[in-house]
Amino acid sequence: MNKGFIGKIPKCCGREMTIRMETPRFLELCCSYCDDVVYVKKDYVKGLQLLDD
């Protein structure tokens, strides 16, 4: 897991977020304390990307 992601995993509520799901282009990160979810685009993806909520 975590292939193609270059950088630090974000923190939420003072804790490092955990990877809930990984796709070829994005990581879905979740805070284990408040259940907040963040989507991070991997560095090697080029061009425009459309995300739906």
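The following exercises, each with a worked solution, concern a predicted model of a single chain.

**Exercise 1. Overall composition**

Determine how many helices and strands the chain contains, and what share of its residues counts as buried.

*Solution.* Begin with the secondary structure: the chain has 0 helices and 5 strands. Read from the N terminus, the order of elements is therefore β-β-β-β-β. Next, consider burial: 25% of the 53 residues count as buried. The accessible surface amounts to about 4,300 Å², and carbon and sulfur atoms contribute 53% of that area. Finally, take the contacts with a separation of 6 or more: 15% of these link residues 24 or more positions apart.

**Exercise 2. Architecture of the sheet**

Establish the strand order of the open sheet and identify which strands lie at its edges.

*Solution.* The open sheet consists of 3 strands in the order β3-β4-β5, and their pairing is antiparallel. The edges are formed by β3 (18-22) and β5 (37-41), each of which pairs on one side only. From one strand to the next, the twist averages 30°.

**Exercise 3. The two hairpins**

For each of the two strand pairs that involve β4, state how many bridges join the strands and how many residues connect them.

*Solution.* Take the pair β3 and β4 to start. Strand β4 comprises residues 26-30 and pairs with β3 in the antiparallel sense over 4 bridges. The hairpin that joins these two strands does so through 3 residues. Within this pair, E22 stands opposite L27 in β4, and M21 stands opposite E28 in β4.

Now take the pair β4 and β5. These strands run antiparallel and are joined by 5 bridges. Their hairpin has 6 residues between the strands, and D35 in that turn has a positive phi of about 65°. Across this pair, L29 stands opposite V38 in β5.

**Exercise 4. Enclosure of β4**

Decide whether β4 is largely enclosed or not, and assign its residues to the two faces.

*Solution.* The cut-off needed here is that a residue is buried when its relative accessible area is under 20%. By this criterion, 5 of the 5 residues of β4 are buried, so β4 is largely enclosed by the rest of the structure. As to the faces, a regular strand has side chains that alternate between the two faces of the sheet. In β4, one side carries F26, E28 and C30, while the other carries L27 and L29; both faces are covered.

**Exercise 5. The salt bridge**

Identify which side chains form the salt bridge, and classify each partner as buried, partly exposed or exposed.

*Solution.* The structure holds 1 salt bridge. The side chains that meet in it are those of R20 and E28, at 3.2 Å from N to O. Side chains of opposite charge can pair when their charged atoms come close. For the classification, partly exposed covers the range between under 20% and over 50%. R20 has 47% relative accessibility and therefore counts as partly exposed. E28 has a relative accessible area of 8%, so E28 is buried.

Note on methods:
Residues are numbered from 1 along each chain as its sequence is written. This is a predicted model: local features need pLDDT of at least 70, side-chain atom pairs count only at pLDDT 80 or more; totals for chains, interfaces and linings use all residues. Side-chain values use heavy atoms; hydrogens and water are left out. Two strands pair if DSSP finds at least two bridges between them. Axes are lines fitted to C-alpha atoms, for helices over the stretch in contact, and angles run from 0 to 180 degrees between N-to-C directions. Buried means under 20% relative accessible area, exposed over 50%, partly exposed in between (1.4 Å probe, protein chains only). Contact means heavy atoms within 4.5 Å. Accessible areas come from the Shrake-Rupley method with a 1.4 Å probe; for residues, only the protein chains shown count as cover. A salt bridge is a side-chain nitrogen of Lys or Arg within 4 Å of a carboxyl oxygen of Asp or Glu.
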